[in-house]
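Colleague: I should be grateful for a close look at one part of this structure, namely the packing of helices in one of its chains. Please describe how the helices are arranged, and then what lies elsewhere.

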Amino acid sequence: MRAVIATVLIIMVLMLWWLFIPQPAEPPKANSVVDMLGGEADAGFERAEQPRTFRFPQDHGAHPGFRSEWWYFTGNLETAQMRRFGFQLVFFRNALKPGEVDGESAWRSKQIWMAHFALTDVQSGRFHAYERFSRGAIGLAGAQPEPFAVWLDDWSVRQQDGQWILHAAEKGLSLTLSLVPLRQPVLQGDAGLSQKSAAAGNASYYYSIPRIRAEGEVMVGDQTHRVTGGVWLDREWSTSALGEDQAGWDWFSIQLEDGSDLMFYQLRGKDGRADPHSSGSLLLPDGELIRLGAEDVKLQPLGYWDSPKGGRYPVHWRLQIPSQGLDLEVAPVLKNQELDLLVRYWEGAMDISGTHAGKAVRGQGYLELAGYSED
Amino acid sequence: MNLLWRASLRYLGRHPWQMALSILGIALGVAVVVAVDLANESARRAFDLSMQTVTGQATHQIVAGPKGLDENLYVKLRRSGRLPASAPIIEGHLAYAGQTLRLLGIAPFAESRFRDLLSHLPDEAEEGVLRQLMTQPGAVLMSLERAQGFDLSVGQSFELRHSGQKRQAVLAGRFEPPAEQKAVMRDLLVADISTAQELLGRVGWLSRIDLILPDADAAELDAIRELLPPGARLIPAAARGTAMQKMTHAFSINLTAMSLLALVVGLFLIYNTLSFSVLQRRELMGRLRVLGATRSDLFRLVLSEGLLIGTLGTLLGLLLGILLAQELVQLVTQTINDLYFVLTVRELSLTPAGIIKGVLLGVGGSLLAVVVPASEAALSPPRRVQDRSRVETGARRLMQPLAWSGVVLLILAALLLLMSKSLAAGFAALFVLILGFSLLTPLWVSLLCRCGAPLFGALFGSPGRMAVGGVQHSLSRTGVAIAALSIAVATTVGVGVMVESFRTSVQQWLESSLQADIFIAPDAPSGTGYETALNPAVVQIIESLPGVAGIRQSRPVEIQSGDEITRLTALRLPKESYAGMKFLDRPPEMVWPLFDREQAVIISESYAYHHGLHAGESLELETDQGRQPFKIAGVFRDYETGQGVIKMRMSLYRDYWADRSIHSAWLYLEPGVDIDLMMERLYRLVGEQQALHIRTSRILREASIKTFDRTFAITHVLRLLVIGVAFVGILSALMALQLERSRELAVLRAIGFTPRQLWGLVTAQTGFMGLISGLLAIPLGLVLASVLIFVVNRRSFGWSMDVVVSGSVLFEALLLALFAALLAGLYPAWRMSQTPPAQALREE
């Protein structure tokens, strides 16, 4: 999982910081950043302390009682001529304070929204990434369960005629997909309760829809491509942060051609070692869900990419789950899939090859690398 | 050359008073020009900076009618994906502790590409400022300087007032703007758009949407326009600033013209001094020619003297000007706030351009003024003792050609007035007129002397005749001094008659238009009338008051289209108020039915003048339902604004604009109802709801006249300065004259004149000059007044007025000239009478 609570917290903090300095932003000073956010806000928020009953479609909507929440769409797309694209469209919600708003104005809101949109164009070797911010008020940004919608400005995923229509566009770039989930939501962790660090409540509620059929159009420049492919949705909401000694994570989502879906996140400590709270799941074609702990998965970096902005990302991996007979090589379709945004991180489309229970298997997936950039 | 310079310096050194007065004259002239220029420039710069601060990087804006934009338009635009670089803004003014503060409501996430307002917060101790701004009602940011001035600390609650209503605010943080923005941002409050909507009582509305469309072509702009509802308009960001500056244009031109007048009088002075000095040294010059000095040497010498005096005067003038500007800028700001919009000018901006302009005018003008005396010097024949009478004969011979050139200039002035309709041409004509008149002065002086000699002879005996004769015989001196004084006095006559006429017309207009008994409006700072409104509860209370025969309700708004701002007032008029409107070109019976029932408006005289409109024609206005035509039912007299106003019945306004607010109300009481009791009652009933200005019409009339007088305060100050310069002029001319005549006077003493008689002679002479100046000033003053009233005022503001010439203004002018002359003659007279004849004779 990449959706570690602290991420968004840090993102939000940095975002606050960014507002106070004219662009281009100076590297933020950690102390001021923490000061600015203040420490008071926790008390009124709900916390993920024990397993809960998930209900759909209600849980596709927002949970404003928790501090942060996200809707994470990643996918691999292909034209009939086998031209590859990867995309990421993610909506983050963060509450500045718990509770209802006061006052008459429809603009007042405690909810801040941020969205990232990235497109990997393998053929041209180009990676595009954009971000947007808004308040969660007056219809500028928000999420609702029925009909399902999550949006920020014109970037959105909206339910229409039983399908989800995903749309995002920037100058010279546009993506429109209709999505049909092929699986039921998978509850990660302990029936959806995903523990991030040792302290009680340092956890999130986490579910995924690992296989969603996508069909639509990618427009790059003045060219429009018809595409089909598979999308992964990660949903998570929480209030409290990573432990102080945690530095970042490596998150894998893998869809294998044999019908298995694998999610695993490896939390890293500041000492560079894998954290015992690393966890994941393997959903087998027959619907059996296998929980994975830190000790079940062996991860070994095979190759690195050095960002021109600083930081060395392990973008090429070998992932082994001996108990399941799984041995996979996870290779990026493009090495530079770094989102050079307010918060810099690497997230990109991957090619998967290897063996599962002795049989050769291929697949596609997404990898997120956080906590490697130096700023 | 050395010799020449030594001679020159020695001469200048021996006449320190003359030099000092010349320098002072130039200094005063330059000071006034520089001060006015600085004050104008500072106001303009303050305006530009404040526009820049609030416009930021925006290239375009979406604006709408008086009510503003529906906030949902912004959401629609954002969700369309067409305008990612867009920021909603709501702004208005609030009062705190007697200060007017400008509130800018922003959406922080949309902001960063537009303005760097949030970048001026200090790093430390501003914990979670943004969180507070967005989530806490009333949270505002204020400049550190203001916060300290108000003694407010972060986290402290305080009570702002908007439109007379209390609003609770809390200081979320203090920003420290960079030096160049300090003055502009000092009175700025920054808040989240939610808070700003609540503080300004405009929930649901935006003032505008800023856009960044750096290279949008017409097609792209049209595509955006298609997304807009009727009534919303896409305009370049600079348009509003241009439109606002247009309003004050006439005002600043008028100030500049007044200041130039002061300089012209100053230039007369330098001309007078130097041509006198040349005459006084005619013998010396002759000797220098013999010693080998060429004509061009002498020309250069006098020119250099002029340059020296001009430069010294200019330098002193610059210093004085800067000092004077400090005061003047307050007056200018006050006027702009009274008449146009809220503007705070706290700093004088000393621009190199303003200083250079002053230097060029001072030094250049001095050189120009000195060309004639310098040529005179160059013409000095070698050795030949040119006696006084010869010079004067020459001067008299010049009298006629001068007079003819004067006539030509007067004709030119008339042509200028007829040929061009521009304000600048009006002022140019004014100056040509003055110049032409001054060229005619020697002729008039000569004529008046001929008539005056017998009269003074009869009154004072032979000293009287001698006094008059002295004036005529020194025409080359006295002519200039009299011209300078009469121009100065004429200026005061002209301006005085104009102001008096204006004031009388305004007073009459106030009398007729303010016939209601009680006026009610929210208590708000001046210049913010467009954004204030009576609380609906207050309106309800007023409407149900017993004892009220009729209520006149009004809602003034500003409508922007293109780069013009139009003032429109929507009115609900009771029948009682019809008589208060004076229509200029149609009988009221014809106007009112149209106004009451048709799609028609009435326009003020200024508006009609500026737009070349007449009753029966029609005009178009940007309404909330797009551009709409309105018939012009009539043109009414009005002195409210110089750029004019359109009035419309309330019901028609509400058909076209989604705005229901009422800004103010006038009550007409039933006969026998006591005004004071009614006011007390009103205070009791509505005082809780809203802080209000409740005034009787009488008080309001007085306040209006006070505002009028305040507006002309600058004019009065400038007038006094012009007289000051002229006074210095006449003083120096008389000193020169009397000193020059010291030998003649010594002879008189020697043949038996007592000091007292001599004193009388000199006084009679200066008195006579003053009298002539005063007499000449009156016709010129009346002509100036006519130009000011019928040309300058009309072209600036489109106002017409009844000319009022009171005997007292003319009498005062005469007295002023006489007094100035006599005062200026005191010292020379005293000095002459004190000097022992032998010494005076020896000195020569």
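Modeller: The following account begins with three helices of chain B and then turns to a sheet and to some backbone features. Please bear in mind throughout that this is a predicted model.

The part in question consists of helix α15 (residues 423-460), helix α16 (residues 462-473) and helix α26 (residues 755-797), each in chain B. It is convenient to start with α15(B). This helix has a kink of about 40° at B:Thr441, and the proline B:Pro442 follows shortly after that residue. Just after α15(B) comes B:Gly461, which has a positive phi of about 75°.

The axes of α15(B) and α16(B) come within 7 Å and cross at roughly 165°. Since angles over 145 degrees count as roughly antiparallel, α15(B) is therefore roughly antiparallel to α16(B). Their crossing is right-handed. On the side of α15(B), the contact is made by B:Val445, B:Ser446, B:Cys449, B:Gly452, B:Ala453, B:Phe456, B:Gly457, B:Leu459 and B:Phe460. On the side of α16(B), the residues taking part are B:Pro463, B:Gly464, B:Arg465, B:Ala467, B:Val468, B:Gly469, B:Val471 and B:Gln472. By class, this contact between α15(B) and α16(B) comprises 10 nonpolar residues, six polar residues and one charged residue.

The helix α16(B) also meets α26(B): here the axes come within 8 Å and cross at roughly 50°. The two helices α16(B) and α26(B) are therefore oblique to each other. This crossing, too, is described by its hand: α16(B) and α26(B) cross in the right-handed sense. From α16(B), the contact draws on B:Pro463, B:Gly464, B:Met466, B:Ala467, B:Val468, B:Gly470 and B:Val471. From α26(B), the contributors are B:Gln757, B:Gly760, B:Leu761, B:Ala764, B:Gln765, B:Phe768 and B:Met769. The contact of α16(B) with α26(B) holds nine nonpolar and five polar residues, with no charged residues.

The third pairing is that of α15(B) with α26(B), which pack at an angle of about 155° with their axes 8 Å apart. By the same cut-off of 145 degrees, α15(B) is therefore roughly antiparallel to α26(B). The crossing of α15(B) and α26(B) is right-handed. The residues of this contact divide into 22 nonpolar, four polar and one charged. As for α26(B) itself, a kink of about 35° is centred on B:Leu788. After this helix comes B:Gly798, whose phi is positive, near 75°.

Elsewhere in chain B there is an open sheet of nine strands with mixed pairing, in the order β16-β17-β15-β18-β14-β13-β19-β12-β20. Its edge strands are β16 (618-623) and β20 (692-696), each of which pairs on one side only. Neighbouring strands of the sheet are turned by 30° against each other on average, direction ignored. Within the sheet, strand β13 (residues 548-561) and strand β19 (residues 664-669) of chain B run antiparallel and are joined by six bridges. The bridge partner of B:Arg552 in β19(B) is B:Trp666. Helix α19 (residues 588-597) of chain B packs on this sheet, touching β15 (600-604), β17 (626-636) and β18 (645-649); its direction makes about 155° with that of β17(B). Helix α22 (residues 675-686) of chain B lies across β12 (518-522), β19 and β20, and runs at about 175° to β20(B).

Chain A offers some backbone features for comparison with general expectation. Most residues other than glycine have a negative phi, and most peptide bonds are trans. The peptide bond from A:Phe56 to A:Pro57 is cis, with omega near 10°, and A:Pro57 lies in the loop between α2 (30-37) and β1 (68-78) of chain A. The peptide bond from A:Glu146 to A:Pro147 is also cis, with omega near -10°. A:Pro147 is found in the loop between β5 (141-144) and β6 (149-152) of chain A. In the loop between β6 and β7 (155-160) of chain A lies A:Asp153, a residue other than glycine that has a positive phi, near 50°.

Definitions and conventions
Residues are numbered from 1 along each chain as its sequence is written. Chains are lettered from A and ligands numbered from 1 in the order in which they are written. This is a predicted model: local features need pLDDT of at least 70, side-chain atom pairs count only at pLDDT 80 or more; totals for chains, interfaces and linings use all residues. The bend at a residue is the angle between axes fitted to the seven residues ending there and the seven starting there. Helices (H or I, at least four residues) and strands (E, at least two) are DSSP runs, numbered from the N terminus. Axes are lines fitted to C-alpha atoms, for helices over the stretch in contact, and angles run from 0 to 180 degrees between N-to-C directions. Angles under 35 degrees count as roughly parallel, over 145 as roughly antiparallel, 65 to 115 as roughly perpendicular and the rest as oblique. A crossing is left-handed if the near helix is turned anticlockwise from the far one by less than a right angle, and right-handed if clockwise. Two residues are in contact if their C-beta atoms, placed from the backbone, lie within 7 Å. Ala, Val, Leu, Ile, Met, Phe, Trp, Tyr, Cys and Pro count as nonpolar, Asp, Glu, Lys and Arg as charged, and the others, Gly among them, as polar. Two strands pair if DSSP finds at least two bridges between them.
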